[in-house]
Number of protein chains: 2
Amino acid sequence: MDLSHKINNCKECIYKSWAFKNLSDEELTRINEQKKEQLFRKGENICFEGDEILSFMYLQNGLVKLFKTESNNKEHIISIAKPKDFIGLLSIFSNKKHIYSITAIEDSIVCFVKLDIIKDLIKTNGIFALDFFEKISTVSDSVIKTRIDINTRQLRGRIAYILLFFAKHIYDSTTFNLPISRKEVAELIDMSTENVIRVLSEFRKDKLLQIEGKNIEIKDLKRLERIYELG
Amino acid sequence: MDLSHKINNCKECIYKSWAFKNLSDEELTRINEQKKEQLFRKGENICFEGDEILSFMYLQNGLVKLFKTESNNKEHIISIAKPKDFIGLLSIFSNKKHIYSITAIEDSIVCFVKLDIIKDLIKTNGIFALDFFEKISTVSDSVIKTRIDINTRQLRGRIAYILLFFAKHIYDSTTFNLPISRKEVAELIDMSTENVIRVLSEFRKDKLLQIEGKNIEIKDLKRLERIYELG
DNA sequence: TATATATCATGATATATATCATATATGATA
DNA sequence: TATCATATATGATATATATCATGATATATA
């Protein structure tokens, strides 16, 4: 999907009705004047761990991964963010530097709004401030919940989790193209690449899935959900 | 330690200089008039998963655990909170109900401030709002970081983590009384109770620790730190 | 105090998972 | 197209971890 035509004005932006609601026309204009929208192709890096945090980053379109590079040079994926997710988590309020890197896993449009402006709006528009915090709290809370969900399950439960995550949360369909490699799935749900592949094969043999490379079709949603729930 | 005499006025409260700074005398009085301070004895429950969220909860003194009860009735500890931590995480902004329970693991004083008041202050005092969010963001971010820290390590690294956590973060001393049972340590760092005990014994045999029941003394901090860093 | 109950401790065993080895397929690049 | 790198796949093996069993302490409760 080519997204290059999608760059637009804040006032028309679908997100006006979401994180940036409760703003006056004048305030939206202020954001619009200095905001920067940027297209990142699949695989391109949006920010690096250690970079100074200058902007509030908003994912308009596409899909990105947030990850840390461990001391042994292995990557650990913290979460996958979808449109409507702001992709700075909370570190933007509590840190000077990004505590993880962000990479596009599908062509993505990211909207950058200078942090100063956001902070100023929080100070001057209380209704916006409160609503804004409700929104970003939801994202952080869900990251915590997800980490617990994953780590209290074993391999089959974790794979079930990730399949249901993409089907329900990201693509709203039981058929989808897995946007990440098996290796990245492994980095996301804390297991070895071989075992990701193995369990997927198992699920295929069990007629839970149909797999052709990255294309996955969930054939038995109910049973997959049960595997997830049992852990 | 008996804390019953410690109940006090917001204006004198040590936390005036922390989360509640940037408030006028008039605003502090408003909080003080309706705030409720309550002493919870070790083992007493402060709130239950599913309870309606009515108050912002602030840990003045003591130590508490935040935990979820899984479907198999096992408890999973999300984090240990110490004084200065607000103990509602972010769910207080994004949920109507508590998504976990909180129990005192040491005698604790919790200060309850009606959520309405906090929300009103966020709306009307921008400087407070921004500072407040920086504080609570730090807590949520650190929960996320901790979960990753724990789950990317194996047993010895996890035990090293939790020992260093109590020594550095909670008690600021290499000698301390472990405030939770081995079973609770297991629930906190995702391992079996037997293995918690086993690894602690190993560390004792290796002269890393001296253990007498709950009393633990770290004898070789450097080596423990190395075990933590290696994972 | 006596009795029950939870916690701590350790060995033996079973299970889950990672690692190693090797093969095939897929996609990128010259 | 040929060559190389990377991703997928699967079996064999090693390792990490949980579970089971049993006993000893400690702690709570009648």
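Which side chain of chain A has an N or O atom 2.5 Å from a phosphate oxygen of DNA strand D? Point 5 takes this up.

1. **Ground rules.** This is a predicted model, where local features need pLDDT of at least 70, side-chain atom pairs count only at pLDDT 80 or more, and totals for chains, interfaces and linings use all residues. Residues are numbered from 1 along each chain as its sequence is written, chains are lettered from A and ligands numbered from 1 in the order in which they are written, and side-chain values use heavy atoms, with hydrogens and water left out.

2. **The two protein chains.** Start with how chains A and B meet. On chain A, 31 residues are in contact with 31 residues of chain B. Contact here means heavy atoms within 4.5 Å. The size of an interface is often given as the accessible area lost when the parts come together. Chain A and chain B bury about 2,800 Å² between them. Of that area, 72% is on carbon and sulfur atoms. Buried area is the accessible area (1.4 Å probe) that two parts lose on being put together, summed over both.

3. **Charged and polar links between the chains.** There are 2 salt bridges between chain A and chain B. A salt bridge is a side-chain nitrogen of Lys or Arg within 4 Å of a carboxyl oxygen of Asp or Glu. One salt bridge joins B:Lys119 and A:Glu134, with the closest N and O atoms 4.0 Å apart. The chains also have 2 residue pairs in polar contact, both at pLDDT 80 or more. A polar contact is a pair of N or O atoms within 3.5 Å; within protein, one must be able to donate a hydrogen and the other to accept it, and residues adjacent in sequence count only if both atoms are side-chain atoms.

4. **What chain A brings to the interface.** Look at the side of chain A that touches chain B. Strand 4 (75-81), helix 2 (91-94), helix 3 (115-124) and helix 4 (126-151) each supply at least two residues. Helix 4 gives the most, with 15 residues. Helices (H or I, at least four residues) and strands (E, at least two) are DSSP runs, numbered from the N terminus. By class, this side of chain A has 13 nonpolar, 10 polar and 8 charged residues. Ala, Val, Leu, Ile, Met, Phe, Trp, Tyr, Cys and Pro count as nonpolar, Asp, Glu, Lys and Arg as charged, and the others, Gly among them, as polar.

5. **DNA strand D.** The opening question has its answer here: the side chain is that of A:Ser201. B:Asn195 also reaches a phosphate oxygen of strand D, with a side-chain N or O atom at 2.8 Å. A:Arg198 meets a base instead: an N or O atom in its side chain is 3.0 Å from a base nitrogen. There are 16 residues around strand D, and A:Ser201 and B:Asn195 are among those that come nearest. Near means that a heavy atom of the residue lies within 4 Å of the molecule or strand. Of the strand D atoms within 4 Å of the protein, 50% belong to sugar or phosphate and the rest to bases. Helix 7 of chain A gives the most to this surface, with 5 residues.

6. **DNA strand C.** Strand C also has 16 residues around it, with A:Asn195 and B:Ser201 among those that come nearest. A polar side-chain atom of A:Asn195 lies 2.7 Å from a phosphate oxygen. Backbone atoms take part too. A polar backbone atom of A:Ser192 is 3.3 Å from a phosphate oxygen, and a backbone N or O atom of A:Leu155 lies 3.4 Å from one. Helix 7 of chain B supplies the largest share of this surface, 5 residues. The residues divide into 3 nonpolar, 5 polar and 8 charged.

7. **A buried arginine.** B:Arg153 lies in the loop between helix 4 (126-151) and helix 5 (155-170) of chain B. B:Arg153 counts as buried because its relative accessibility is 13%. Buried means under 20% relative accessible area, exposed over 50%, and partly exposed in between (1.4 Å probe, protein chains only). The side chain of B:Arg153 reaches the backbone oxygen of B:Asp149 at 2.9 Å.

8. **Two positive phi values.** A:Asn22 has phi near 70° and sits in the segment before helix 1 (25-34). A:Asn22 is partly exposed, at 33%. A:Lys207 has phi near 65° and is exposed, at 63%.
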